[in-house]
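Subject: Structure for you to look at

Hello,

Here is the structure I said I would pass on. Please open it and keep it in view while you read.

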Amino acid sequence: MKTQSSATAVPAIAVTAPRARNLGTLQAALGVVAFSLTFPATAWGLEGFGPWSLTAVRSVLAAMIAGCALLALRVPLPARRHWPGLAVVAAGVVVGFPLLTTLALQTSTTAHAAVVVGLLPLTTALFSALRVGSRPSRTFWAAALAGACAVAAFTVQQSGGALTSADLYLFGALLVCAAGYTEGGRLARVMPGWQVIGWALTLCLPLSAPAAAVALAFEPAHLTAHSVAGLLWVAAGSQFLGLVVWYRGMAAVGIPKASQLQLAQPLLTLVWSVLLLGERLTPAAPLTAAAVLVCIAVTQRARG
């Protein structure tokens with residue numbers, strides 16, 4: 001009987017592992033779709049909010065959603081050893097990236113801002129190699145670098161090739177977000193992904209709530225359909241739900257490979273920019289899309 005049970009266990013494990021990887025890839029991809037709407041939604045939000053008030057209010061709303069979920073499910077506090085990592089997630093993806101990109105979008109188009117997203121997968125992979133000791137193959141790095149260069153060249157061409165003062169904000173956002181993604185992906189291996197972002201948001205609430213009150217006093221809101229819709233999406237979609245599936249996906253397939261799915265994010269952002277903001281795409285879009293898809297396929301197959 002023992003021999004039979006051992007023999008039947010091997011195929012079950014062999015079948016479950018690919019399914020888990022496929023589910024993880026799907027979850028990470030859903031996160032990318034959610035993130036691709038962030039810049040257009042932020043542009044809508046800026047129609048009725050200032051950059052500081054929009055960032056603070058979205059953090060408060062997302063923290064309220066996360067806090068209610070944590071309370072309803074009676075989730076215990078994370079172990080003390082996890083709090084430093086949660087602080088990095090909070091600083092990177094709850095405060096740093098939203099604030100810096102919102103400041104950039106005051107003077108930058110969504111197409112130009114997409115440069116930071118095009119470089120984010122490569123930066124995340126670099127942070128991952130330094131932080132968690134992952135060692136992707138040379139093929140992985142070559143495909144990742146090629147994809148990042150293709151996306152960066154396309155998005156810079158879309159903006160006319162001119163650097164603006166917003167670039168400092170964008171590159172700063174790139175660094176802090178990569179650190180937050182890496183730390184969040186590491187923590188998602190030991191706790192559910194939604195709890196990672198949930199506790200990070202809750203950790204920021206004592207600061208974000210008074211910050212929202214002060215910001216709204218100096219930047220009064222002018223509510224419109226666009227500004228409300230943009231605020232709700234960046235709070236519920238980008239800041240919470242998108243990060244929930246994103247961290248779950250990273251935990252399942254690994255930080256470097258999941259991060260490469262973000263190579264498609266700038267192109268998705270440009271599509272939403274056309275549909276929602278009326279921006280125009282150049283004929284280079286289909287060629288860049290094909291190049292990005294090839295790079296994604298290569299990175300997903302490459303073994304570290």
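Below is what turned up, taken region by region.

One caution before the details: this is a predicted model.

**The end of helix 1 and its partners**

Start with helix 1, which covers residues 2-36. Two of its residues are worth a look. V33 lies in this helix, and S36 lies in it too.

Are these two residues buried or exposed? V33 is partly exposed, because its relative accessible area is 37% and the partly exposed class runs from 20% to 50%. S36 is buried, because its relative accessible area is 0% and buried means under 20%.

In an α-helix there are 3.6 residues a turn, so residues three or four places apart point the same way. Here, a polar atom of the S36 side chain lies 2.6 Å from the backbone oxygen of V33. The S36 side chain also makes a polar contact with the side chain of W272, at 2.9 Å.

Now look beyond the sequence neighbours, leaving out residues up to four places away. V33 touches L268 and W272. S36 is in contact with Q265, L268, T269 and W272. For a sense of distance, find L71, which is 38 residues from V33 along the chain. The C-alpha atoms of V33 and L71 are separated by 28 Å.

**Helix 2**

Helix 2 spans residues 38-45. How many of its 8 residues are buried? The count is 7, so the helix is mostly covered, with buried meaning under 20% relative accessible area. The buried ones are T38, F39, P40, A41, T42, W44 and G45.

**The nonpolar cores**

The largest nonpolar core has 59 residues. Those with the most contacts inside it are V93, Y181, I197, W246 and Y247. Helix 7, residues 166-187, gives the most to this core, with 8 residues.

Zoom in on V93. Sequence neighbours up to four places away aside, V93 touches P98, C177, G180, Y181, I197, Q239, L243 and Y247.

There is also a second, separate core of 7 residues. Among them are F49, A56, V57 and V60.

**The cavity**

A probe the size of a water molecule, rolled over the atoms, shows where empty space is left. The structure holds 1 cavity of 30 Å³ or more. About 160 Å³ of space lies in the largest cavity.

Its lining has 16 residues, and the closest to the centre are F35, T38, F97, Y181 and S238. Helix 2, helix 4, helix 5 (110-131), helix 7 and helix 9 (225-253) each give two or more residues to the lining. By type, the lining divides into 10 nonpolar, 5 polar and 1 charged.

**The pocket**

The largest pocket holds about 220 Å³ of space. Which helices supply at least two residues each to its lining? They are helix 3 (51-72), helix 4 (83-104) and helix 8 (193-218). Helix 8 gives the most, with 5 residues.

To find the pocket on screen, select W52, T55, A56, S59, V94, V95, L99, C204, L207, S208, A211 and A215. This lining has 9 nonpolar residues, 3 polar and no charged.

Two residues link these sections. Y181 is in the list for the largest core and in the list for the cavity centre. A56 belongs to the second core and lines the largest pocket.

Best wishes

Technical notes:
Residues numbered from 1 in each chain as written. Predicted model: local features only at pLDDT ≥ 70, side-chain atom pairs only at ≥ 80, totals over all residues. Heavy atoms only, no water. 1 Å grid on protein atoms, 1.4 Å probe; cavity = no way out; pocket = protein on both sides within 12 Å on 5 of 7 lines; lining within 4 Å. Points joined across faces, edges and corners; volume = space filled by probe spheres on them. Helix = DSSP H or I, 4+ residues; strand = E, 2+ residues; numbered from the N terminus. Nonpolar A, V, L, I, M, F, W, Y, C, P; charged D, E, K, R; others polar. Buried < 20%, exposed > 50% of the residue type's maximum accessible area, 1.4 Å probe, protein only. Contact = heavy atoms within 4.5 Å. Polar contact = N/O pair within 3.5 Å; in protein donor to acceptor, adjacent residues only side chain to side chain. Core = buried A, V, L, I, M, F, W, Y, C linked by side-chain atoms within 4.5 Å.
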